[in-house]
Amino acid sequence: MTEEVKLMKGNEAIAHAAIRYGADGYFGYPITPQSEILETLMAEKPWETTGMVVLQAESEVAAINMVYGGAGTGKRVMTSSSSPGISLKQEGISYIAGAELPCLIVNVMRGGPGLGTIQPSQADYFQTVKGGGHGDYRLITLAPSSVQEMADFVGLGFDLAFKYNNPAIILADGIIGQMMEKVVMPPFRPRKTEEEIIAECPWAAQGKPAGRKLNVITSLELDPAIMEENNIRFQAKYRKIEENEVRYEEFHCDDAEYLLIAFGSSARICQKVVENARAEGCKLGLLRPITLWPFPSKIIAQYADKVKGMLSVELNAGQMVEDIRLAVNGKIKVEHFGRLGGIVFTPDEVLAALKEKLF
Amino acid sequence: MELNEIIKPENLVYEKPRLMNENPMHYCPGCSHGVIHKLIAEVIAEMGMEDKTIGISPVGCAVFAYNYLDIDWIEAAHGRAPAIATAVKRLNPSKMVFTYQGDGDLAAIGTAETIHAANRGENIVIVFVNNAIYGMTGGQMAPTTLEGMPTSTCPYGRNIALNGYPLKIGDLLAQLEGTCLVTRQSVQTAAAVRKAKKMLRKAFENSMAGKGTSIVEFVSTCSSGWKMTPEKANKWMEENMFPFYPLGDLKNKE
């Protein structure tokens, strides 16, 4: 079969990938820089082809609760937003995690805090990988650094969410959402039938047939002894995800004396930094975490025995650098370089920062 | 007459609805929730829809509705039940979907979700229990608390200058094109219960006929929150709640 290649924005790739994956529903609310996701879905009218439901909700709060409801019936449902809207969704995300429901969330990050700016940023790292809403929970976090990965991570995100009955999030930023690249389109898959859903998700609220116990989707448990057991179960699941689902990419790491660590659009810029540094004779490598949670701590700890220093390059004031330092545990120098509030660094700025902070 | 003579099916005058389970209810004596639960259980069973019904329970006294009715449930965050019901029904159009919400849940924190689900004409039933108080958290002021009515957060009575007016959200919802039935009922007498059940059945039938959003408001008592005996609470409701929230159909589109 010949590959179907198209040129499109990262946001459009998310929309097309969702239809092709066989997603059952998308619920969203417009916010820059990700409105093309909802716009593309509305233009594509998937309800006429695959039967996918697309709805513009009255708010981000309503949208995430629609996702909670749809996920509660075992459907493959998703929402997308950008930073301020994702903040609004945190209550719902916590409920979804607490009820152990699978779903896909997309955050195309912009600069904050507050209403901030519509320009790209990576300042929601903490919010995404450390919780965001209330309670002890984790989101499976995928950080795409290309339009291709925007498309591919829709399927991967849904698959991981359903594998672990846990929400997954694509943590992109305004650059990845808005830039155009060619994409090898994922294949069309049929939506799950009701029979398949009932077989795969026996917990789903699909209407109680005679003879089965009622299914209740809830995160509520007033008995603290049982609530502690629930939390212990969640934590065991999170340890399993940490064990099995870490993903990262290495770029010129083999002989590296220094390492850049960057995700998403920052990693794209850092590829150029590595090339420029090597042209000057500096053995620089790039490690790109693809999953931000679970974080690739083990491989970073291994590199701490091989390289002289690491620079965490992020479009924020220094967030992922804390996880790198935890992994490195003081063995070598770990510094941070970033630009804030929607400003994007140039390769030259990154290389200059590396020399200033680590050499 | 012997007992086995008496319990013959032809002598049956009343039975516990099939869909109500054996769990002891946590509701206070005299509370309207128990009767409303019973009516929902009866209507679902009489329609033969128990295997196709998904209930959305609220945050408030009825948060544990899923402990009493033997159907599938999704327990909502405070106020968000209509958004959840929207997705459940759109993704599963052959299912019968209802929310069960109190006045704080529906008319304060969830006002946006309520109005927009109704305005879209979602094919769902919204069961609205209006007892003019927050029962679960211990008797605080609700959006529907009457003027002058004391609660723990308006201990000297609801003061319009301070707290604004009680919200007649039923009247507001009746104005929306998306609603097909908005009716205000009560369950303090046998006659009221019979009438309420009829309207509840109509609401569920509307949802399956794709007619739009049906809202059944139950003007109710909260004897614990109101600090009255159940009997006195019923009388107080008739004398004070009914004049402000008059019973009857606010809208009933055929």
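**One sheet, one helix pair, two chains**

Mentor: Start with the open sheet in chain A: seven strands in the order β3-β2-β4-β5-β7-β6-β13, with mixed pairing. This is a predicted model, where local features need pLDDT of at least 70 and side-chain atom pairs 80 or more, while totals for chains, interfaces and linings use all residues. Residues are numbered from 1 along each chain as its sequence is written, with chains lettered from A and ligands numbered from 1 in the order in which they are written.

Trainee: What makes something a strand here?

Mentor: DSSP runs: E over at least two residues is a strand, H or I over at least four is a helix, and both are numbered from the N terminus.

Trainee: Why do β3 and β13 of chain A count as edges?

Mentor: β3(A) and β13(A) (291-293) each have a single partner strand, so one side of each lacks a neighbour in the sheet. The twist averages 20° from one strand to the next.

Trainee: How do you know that β2(A) and β3(A) pair?

Mentor: Pairing takes at least two bridges found by DSSP. β2(A) and β3(A) share four, in the parallel sense, so by that cut-off they pair. One of the bridge partners is Q56(A) in β3(A), opposite G28(A).

Trainee: What about β9(A) and β2(B), in which sense do they pair?

Mentor: Parallel, over two bridges, which means they just reach the minimum of at least two. V216(A) stands opposite W73(B) there.

Trainee: Why is α3(A) called roughly parallel to α5(A)?

Mentor: α3(A) (residues 60-72) and α5(A) (residues 90-98) pack at about 15°, axes 8 Å apart. Axes are lines fitted to C-alpha atoms, for helices over the stretch in contact, with angles from 0 to 180 degrees between N-to-C directions. Under 35 degrees is roughly parallel, over 145 roughly antiparallel, 65 to 115 roughly perpendicular, and the rest oblique. So α3(A) is roughly parallel to α5(A).

Trainee: Which residues make that contact?

Mentor: Among them are V61(A) and I64(A) of α3(A), and G92(A) and I93(A) of α5(A). Contact means C-beta atoms, placed from the backbone, within 7 Å.

Trainee: How many of the residues in that contact are nonpolar?

Mentor: Eight, with two polar and no charged. Ala, Val, Leu, Ile, Met, Phe, Trp, Tyr, Cys and Pro count as nonpolar, Asp, Glu, Lys and Arg as charged, and the others, Gly among them, as polar.

Trainee: How many residues does each chain give to the contact between chains?

Mentor: Chain A gives 33 and chain B 28. On the side of chain A that touches chain B, α3(A) supplies the largest share, seven residues.

Technical notes:
Two residues are in contact if their C-beta atoms, placed from the backbone, lie within 7 Å.
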